[in-house]
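Grab a coffee and open the viewer. Here are a few exercises to work through, each with a solution right below it.

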Amino acid sequence: MSIWRVQGGYPLDGSMTIQGAKNAVLPVLAASILTGSEIELTNVPRLRDVEASLNILRHLGCAAQRQDDVVSVEPRGLTGCRIPRELTGRMRSSVIFLGAILARCGQVRIAMPGGCELGPRPVDLHLAAMKALGAEVSLEDGEIVCRTDGLVGGTVELALPSVGATENAMIAACGAKGTTVITGAAREPEIVELQGFLRALGADMEGAGTSVVTVRGFAPEPRVGWRVMPDRIAAATMLCACATAGGDVELRGVDPEHVRSVTDVLEGMGAGIHTGSRRLRIRCAGRLRGGQTVVTRPYPGFPTDAQPLMMAASLRADGVTVFEENIFSDRYRQGLEMIRMGARIEISGRRAVVTGVERLHGAQVLAEDLRGGASLIVAGLGAEGETVVTDRGHVARGYEGLDRALAALGAHIDFTE
Ligand code: UD1
């Protein structure tokens, strides 16, 4: 059990570099087993989900090593095609290995990830994509099973722009004969990143960042080096932290375009935002203004992962801030904890209405998921007294040294594992 103790009331001041992106490196690690090529990834964040992925790779028979921020994967010796429950339970997004293992081995068995933190997270679109490429799909003893005598390119029509299903389809299509056209694709920056990595690995493909991705073929390169893009949700977290605590913070190594929907809302609340080349600066003095409506949508809309963080920033804003969550059905649990800190929040279905209060007070609160947990730490920065966040390791799944990063900017924060 991890405990975060936050003493509120200290503004943030200084400059920091944003970590490599969790949601970019996970599909890249999965895709790295498509061939026997040697892979070297840099800017790989130290996160529980990354370590869980490396353990999956080792379990499958690949060599995977880390030195500082560099991870090397040697997938030549891949022998296994099954990921058991002990390994999927540690990381819900392990379904991202489906397409890569199927393409490489012709079969795959993955235990359905246990539990669920944001409402139901079905995998029907992932399975439909594998079927569209010629795989037989079944569920056996709680495991997803896919088999094929050879994947064949085809049209994958995604009914929803699912990030994971788009990534799985792109990866599997690299192992298919002929051309694959994915329609209704997600357009997140992590999809563009995956296309960049797959091209470096030898894929002939285009379209990532639009809703149609085409994969024409694949001729593997023996060695690939790849630098992981900056984490836009980690950047959004620090922006919301500064908006909550007040202060003046510069983020280095970010792509300001990736967080534009977040900075637009913060500017509307009265924060000063300055963008430069791979830099972002936020300045906040005094009370922010409410009045915004934050509607989560697929990229380039406002990211669902930043919704709890923006909620933390809105708690003391002057006026009403309305949230509409359109991606996940159960993503306001942090709001119930924030109410314990004196926040005024009314939650009804997809909507949450925050009426800003002048003061929040520290409380004992529970982190029930990754971004929700981070949002409680952020809320604590703006509360009087001590906030104690109890966390079963959720936050470490996605943030590298969040306590050290905030403390270096002047926050009073203590983390014990
Ligand atoms: C990814 C991100 C996660 C982010 C989410 C939405 C990773 C590792 N995780 O998750 O941080 O919150 O995108 O931006 O990149 N859906 C289905 N059937 C499916 C798949 C998804 O109905 O087969 C639904 C989901 O329930 C959800 C919506 O589609 O309502 C979006 O989910 P999706 O984009 O797939 O999220 P993930 O890829 O799991």
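Before we start, one term: two strands count as paired if DSSP finds at least two bridges between them. Keep in mind, too, that this is a predicted model.

**Exercise 1.** Find the residue of S5 that stands opposite Gln65, then work out the sheet around it.

*Solution.*
- Step 1: Look across from Gln65 and you land on Ser72 in S5.
- Step 2: Check the pairing. S4 and strand S5 (residues 70–74) run antiparallel and are joined by 5 bridges.
- Step 3: Zoom out to the sheet. It is open, with 4 strands in the order S4-S5-S3-S14 and mixed pairing.
- Step 4: Look at the edges. S4 (63–67) and S14 (223–227) each have a single partner strand, so one side of each has no neighbour in the sheet.
- Step 5: Add the twist. On average, neighbouring strands here are turned by 15° against each other, direction ignored.
- Step 6: Place the helices. Helix H2 (residues 48–59) packs on the sheet and touches S4 and S5, its direction making about 145° with that of S4. Helix H7 (residues 189–201) packs on the sheet as well, touching strand S3 (38–42) and S14, at about 160° to the direction of S14.

**Exercise 2.** Now take the sheet that holds S1: which strands stand at its edges?

*Solution.*
- Step 1: Write down the order. This open sheet has 4 strands, S22-S23-S1-S24, with mixed pairing.
- Step 2: Read off the ends. S22 (364–367) and S24 (412–416) are the edge strands; each has a single partner, so one side of each is left without a neighbour in the sheet.
- Step 3: The twist from one strand to the next averages 20°.
- Step 4: Pick a pair inside. S1 (residues 2–7) and S23 (residues 386–391) pair antiparallel over 6 bridges, and Ile3 sits opposite Thr390 in S23.

**Exercise 3.** Describe how domain 1 and domain 2 meet, starting from their bounds.

*Solution.*
- Step 1: Domain 1 covers 2–16 + 230–416, and domain 2 covers 25–227.
- Step 2: Their centres, taken over C-alpha atoms, are 31 Å apart. Domain 1 brings 21 residues to the contact and domain 2 brings 16 residues.
- Step 3: Together they bury about 1700 Å², 50% of it on carbon and sulfur atoms. On the domain 1 side, Tyr299, Arg397 and Glu400 lose the most area, together 37% of what that side buries.
- Step 4: Count the polar links. Across the interface there are 2 salt bridges and 6 residue pairs in polar contact.
- Step 5: Go back to Arg397. Its side chain meets that of Asp49 in a salt bridge (3.0 Å, N to O).

Conventions:
Residues are numbered from 1 along each chain as its sequence is written. This is a predicted model: local features need pLDDT of at least 70, side-chain atom pairs count only at pLDDT 80 or more; totals for chains, interfaces and linings use all residues. Side-chain values use heavy atoms; hydrogens and water are left out. Helices (H or I, at least four residues) and strands (E, at least two) are DSSP runs, numbered from the N terminus. Axes are lines fitted to C-alpha atoms, for helices over the stretch in contact, and angles run from 0 to 180 degrees between N-to-C directions. Domain bounds come from an automatic or database domain assignment. Contact means heavy atoms within 4.5 Å. Buried area is the accessible area (1.4 Å probe) that two parts lose on being put together, summed over both. A salt bridge is a side-chain nitrogen of Lys or Arg within 4 Å of a carboxyl oxygen of Asp or Glu. A polar contact is a pair of N or O atoms within 3.5 Å; within protein, one must be able to donate a hydrogen and the other to accept it, and residues adjacent in sequence count only if both atoms are side-chain atoms.
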